[in-house]
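Here's a walk through one protein model, from the ligand outwards. Have the sequence and the 3D view open as you read.

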Amino acid sequence: MKKSSSAKSKKKRGAPRPVGRKAKGEKFTPDMTVEIAGIRFKNPVLTASGTFGYGQEFAQLMDLNRLGGIVVKGISLQPMEGNPPPRIYETESGMLNAIGLQNVGAKRFLDDKLPFLRDLDTQVIVNVFGYSTEDYVRTIEILNQGEGIAAYELNISCPNTRSGGMFYGSDPKLTHEVTMASKKVARVPLIVKLSPNVTDITVFARAAENGGADALSLVNTFVGMSIDIETGKPRLSHGTGGLSGPAIKPLALRLVYQAVHAVRIPVMGIGGISSAEDALEFLIAGAKAIQIGTANFYDPRASEKVIRDLEAYCKRKRVDLNRLRGTHLGFEAAGLKRE
Ligand SMILES: Cc1cc2nc3c(=O)[nH]c(=O)nc-3n(C[C@H](O)[C@H](O)[C@H](O)COP(=O)(O)O)c2cc1C
């Protein structure tokens, strides 16, 4: 039957094979490190922006030094209070949020938050957003004065005021423009975080790459809404919100796969990851690292568990982590063309 021949070819072509450095039975310690844009991460597991505060909030709950990296809450030029409550609503297998990018602003971040973060033995990535290209540039110029930032991650899911509210992440020209302007001033590598609310992710992946991005991360949240049928009103004060969590994982995985094959720069996968199995799907699809978001809310130690279980998987398979990347099979058969 066909099934047995495909199982056979699976073994032959894609499944990670032992590295063969050590004889069977000998203790094998996998190399879990990854390098992205010249930054060395001790493992591929980072916490996602907006779901892990400024790191310090989780210090009593887990060992932050175990993490590959921390992506801090989005930082803007001026402090922001965000939207009024209710701004979070739990849905089936997910979460809708409309926090409204509440943050302490770039200057206070440098004075109050960065000193704690830079003393950690993990990579610190600062998520940056703005409402105009000048906002992004000026925020980065301020952040450039701080020591201990490994990279910037541009959140381009913001409306550009000059373009009548058009989102940076849903217009390839704006994506290109803000990436290029930010790259010009950034003192550290630039990761561009893509929005999933687009028709063709590859267009945006390439726009960011052509603008000079050193890496991509995706996805941000999917725009959604929920209505209280008793009041007839949306459950979030903002009306709509961003959907995250397990509900979006298959959607995110497909977008990450497409982006990986559209560009040469490395990609970090984000979206509904809460276990090592989830992380492995993204790594096998071609992501070089992953970020954990919503899972931090219901299990603050989720990232520690993912790191431990990933290492156990690599030990069991006797492979270094980097050998797993892109070992996917059967995409052509499933009608998914390589870009
Ligand atoms: C409450 C909340 C706040 C967020 N804030 C930010 C943010 O400030 N900047 C950003 O780029 N993404 C932000 N995100 C998006 C996450 O970083 C992540 O991309 C998204 O939630 C998908 O991953 P997940 O399904 O693992 O949560 C936020 C998500 C949530 C749930």
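A residue counts as near a molecule or strand if its C-beta atom, placed from the backbone, lies within 6 Å of it. With that cut-off, 25 residues surround the ligand, and the closest are G50, G74, S244, G293 and T294. Before going further: this is a predicted model, where local features need pLDDT of at least 70, side-chain atom pairs count only at pLDDT 80 or more, and totals for chains, interfaces and linings use all residues. Numbering starts from 1 along each chain as its sequence is written.

What is the shell made of? It splits into 15 polar, eight nonpolar and two charged residues, with Ala, Val, Leu, Ile, Met, Phe, Trp, Tyr, Cys and Pro taken as nonpolar, Asp, Glu, Lys and Arg as charged, and the others, Gly among them, as polar. Strands β4 (69-75) and β6 (94-97) each supply at least two shell residues. Helices (H or I, at least four residues) and strands (E, at least two) are DSSP runs, numbered from the N terminus.

Now to β6 and its neighbours. Two strands pair if DSSP finds at least two bridges between them.

| Partner of β6 | Sense | Bridges | One bridge pair |
|---|---|---|---|
| β5 (residues 88-91) | antiparallel | four | E90 with M95 |
| β16 (residues 240-244) | antiparallel | three | L243 with L96 |

The β5 and β6 hairpin has two residues between the strands, and S93 there takes a positive phi near 55°. Along β6, G94 and L96 point one way, M95 and N97 the other, and all are buried; that label asks for 20 or more other C-beta atoms within 10 Å of a residue's own (exposed is 12 or fewer, partly exposed in between), with C-beta atoms placed from the backbone.

On to the packing. A nonpolar core is a set of buried Ala, Val, Leu, Ile, Met, Phe, Trp, Tyr and Cys residues joined through C-beta atoms within 7 Å. The largest one holds 93 residues, of which Y152, L216, V256 and I290 touch the most other members. Helix α6 (residues 249-262) gives this core its largest share, seven residues. Contact between two residues likewise means backbone-placed C-beta atoms within 7 Å. Leaving out residues up to four places away in sequence, L216 touches I191, V192, L194, A205, A208, A259, V263, I265 and V267.

Last stop, helix α7 (residues 276-284): seven of its nine residues are buried, including D278, E281 and F282. The buried residues pack against β3 (45-47), α6, β17 (267-270), β18 (289-292) and α9 (302-317). After α7 comes G286, with a positive phi near 125°.
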